[in-house]
Amino acid sequence: MAKRSQLAIAMLARLGVPRLLDTFWGKNRLTVLAYHRITDATAPDFLYYRPNVSASPQMFARQMAWIAKRFNVISLPVLHAFLTKGRPLPSRPLLITFDDGYLDNYQNAFPVLKRLQLPAVIFLMTSRMEHPAPPWWDECALYLNLTEHQQAELPLIGMCDLSTPEARRAVTDRLLRALKQVPEAEKQAAIRAVRERLDVPEPTADPPLFVNWEQVREMVAADIACMPHTVNHPILTRVDAEQAYYELAESRAQIEAQTDQQATAFAYPNGTPSDYNAAIIQMLRDLGFQSAYTLTPAPMSLRALRRYPLQIRRAFLLYKDSFDLFKLKVMGLPSLVARPRYYKEN
Ligand SMILES: [Zn+2]
């Protein structure tokens with residue numbers, strides 16, 4: 001991040017803006033945090049997709065200690081009782097969530113949550129429980145980090161400079177942005193072509209990158225709900241309706257078969273408003289889902305929450321965030337500039 005914006009963030013934090021935002025939002029809101037990976041993204045041997053890392057283990061512990069003092073961290077059943085039975089929420093409710101189900105959640109986040117007795121939710125990409133290999137975004141980052149080529153002509157984005165680590169990261173970002181725009185089948189073909197152009201081997205599932213069912217059951221028993229995030233993580237608006245339905249129904253069925261919980265919460269892959277739509281929301285409703293989560297900035301008023309339980313907003317956290325920026329995000333500064341856009345829910 002640029003020096004100037006870092007300074008501005010520190011200044012906002014020092015001027016008491018987080019407290020001001022807190023007063024502005026008052027008590028009638030729900031804050032949901034969206035984490036992905038908890039690991040050190042800047043370690044020299046970290047070759048995966050950096051923007052999918054939300055915090056280092058040290059930063060995560062610091063963030064959780066701060067949250068535990070300022071919010072009432074609620075469990076998913078408490079939120080669902082509010083949504084379906086009108087039961088009250090505590091004041092200053094906050095829900096902690098993680099997407100994808102990386103093994104580092106179990107290794108680095110779970111011990112902190114247990115120590116502080118904080119409930120949470122992990123949204124699992126269920127195909128990875130059996131085959132814990134890198135998903136497509138990590139695959140692309142791996143290929144671009146491992147290749148010996150100093151430049152290459154890549155599908156969708158053309159000629160690319162690969163001469164420095166920074167250049168490779170910039171190409172990864174560009175490639176992923178382009179891949180997210182195309183239909184799923186075209187995306188898969190393009191990724192195969194990238195691997196061939198860069199002359200790198202296909203990654204394996206050893207060592208595992210994701211949690212297994214045994215670890216899932218251990219976490220569920222300790223108040224960490226594990227919920228569906230599709231089987232294969234396609235963007236649901238880039239596949240046909242039949243495939244989208246399969247991704248929702250099958251990931252839910254697998255989790256219910258493997259754990260002793262009702263799997264009625266869901267997180268949309270990618271989570272921006274163009275990554276789901278009214279038809280997907282209707283499918284979730286038909287399948288009996290009680291809540292679903294986007295990446296539109298949090299918090300959400302309790303009024304909007306009752307109206308749009310299948311489009312719950314979350315604060316998206318990134319490993320690059322300073323502690324000051326973390327506080328501003330949690331207190332809802334980005335949500336003031338993001339226009340809320342909801343699809344109609346019945
Ligand atoms: Zn995801």
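# Notebook: strands, helices and two leucines in a predicted model

**Entry 1. A hairpin.** I began with strand β7 (residues 151-154), which four bridges join to strand β8 (residues 158-161), the two running antiparallel. The model I consulted is a predicted one. For the register I looked up E153 and found M159 of β8 opposite. I then turned to the three residues between the strands of this hairpin, where L156 takes a positive phi near 70°.

**Entry 2. Domains.** I consulted the domain assignment of the protein, which gives domain 1 as 1-31 + 39-44 + 52-73 + 298-346 and domain 2 as 136-198. I noted a separation of 31 Å between the C-alpha centres of domain 1 and domain 2.

**Entry 3. Helix α7.** I asked how many of the eleven residues of α7 are buried. The count is nine, so α7 is largely enclosed by the rest of the structure. I listed the buried residues as W136, W137, D138, E139, C140, A141, L142, Y143 and L144. Looking for what covers them, I found α8 and α9 (184-198) included in the cover.

I next examined how helix α7 (residues 136-146) passes helix α8 (residues 165-181): their axes come within 9 Å and cross at roughly 145°. I recorded this crossing of α7 and α8 as right-handed. On the α7 side, the contact is made by W137, C140, A141, L144 and N145; on the α8 side, by R168, V171, T172, L175 and L176. Sorting the residues of this contact by class, I obtained seven nonpolar, two polar and one charged. W137, C140, A141 and L144 thus appear in the contact with α8 and also among the buried residues of α7.

**Entry 4. Strand β1.** I looked up whether strand β1 (residues 29-35) is enclosed or open, and found seven of its seven residues buried, so β1 is largely enclosed by the rest of the structure. I recalled that in a regular strand the side chains alternate between the two faces of the sheet. In β1 both faces are covered: R29, T31, L33 and Y35 are buried on one side, and L30, V32 and A34 on the other.

Which strands pair with β1? I noted three partners, taken in turn below.

- Strand β12 (residues 300-301) runs antiparallel to β1 and is joined to β1 by two bridges; S301 of β12 is the bridge partner of R29.
- Strand β5 (residues 93-100) pairs with β1 in the parallel sense over five bridges; T97 of β5 stands opposite A34.
- Strand β13 (residues 315-316) runs parallel to β1, with two bridges between them; A315 of β13 stands opposite L33.

**Entry 5. Helices α1 and α14.** I found six of the eight residues of helix α14 (residues 323-330) to be buried, so α14 is largely enclosed by the rest of the structure. The buried residues are L325, F326, K327, L328, K329 and V330. After α14 I noted G332, whose phi is positive, near 100°.

I then looked up the packing of α14 with α1. The axes of the two helices come within 9 Å and cross at roughly 60°, and the crossing is left-handed. In α1, the residues that meet α14 are I9, A10, L12 and A13; their counterparts in α14 are D324, L325, K327 and L328. By class I entered six nonpolar, no polar and two charged residues for this contact.

**Entry 6. L12.** From that contact I singled out L12, found in helix α1 (residues 3-14). Is L12 buried, partly exposed or exposed? L12 has 18 other C-beta atoms within 10 Å; because buried requires 20 or more and exposed 12 or fewer, L12 is partly exposed. Leaving aside neighbours within four places in sequence, I found L12 in contact with V17 and L328. I also checked L12 against V32: they are 20 residues apart in sequence and 22 Å apart in space, C-alpha to C-alpha.

**Entry 7. L209.** Where does L209 lie? I located L209 in the loop between α9 and α10 (213-221). L209 counts as buried because 20 C-beta neighbours lie inside 10 Å. Beyond its neighbours within four places in sequence, L209 is in contact with Y102, L103, P132, A133 and P134. Finally, I compared L209 with P135: 74 residues separate them in sequence, and 9.2 Å in space, C-alpha to C-alpha.

Notes:
Residues are numbered from 1 along each chain as its sequence is written. This is a predicted model: local features need pLDDT of at least 70, side-chain atom pairs count only at pLDDT 80 or more; totals for chains, interfaces and linings use all residues. Domain bounds come from an automatic or database domain assignment. Two residues are in contact if their C-beta atoms, placed from the backbone, lie within 7 Å. Axes are lines fitted to C-alpha atoms, for helices over the stretch in contact, and angles run from 0 to 180 degrees between N-to-C directions. A crossing is left-handed if the near helix is turned anticlockwise from the far one by less than a right angle, and right-handed if clockwise. Ala, Val, Leu, Ile, Met, Phe, Trp, Tyr, Cys and Pro count as nonpolar, Asp, Glu, Lys and Arg as charged, and the others, Gly among them, as polar. Two strands pair if DSSP finds at least two bridges between them.
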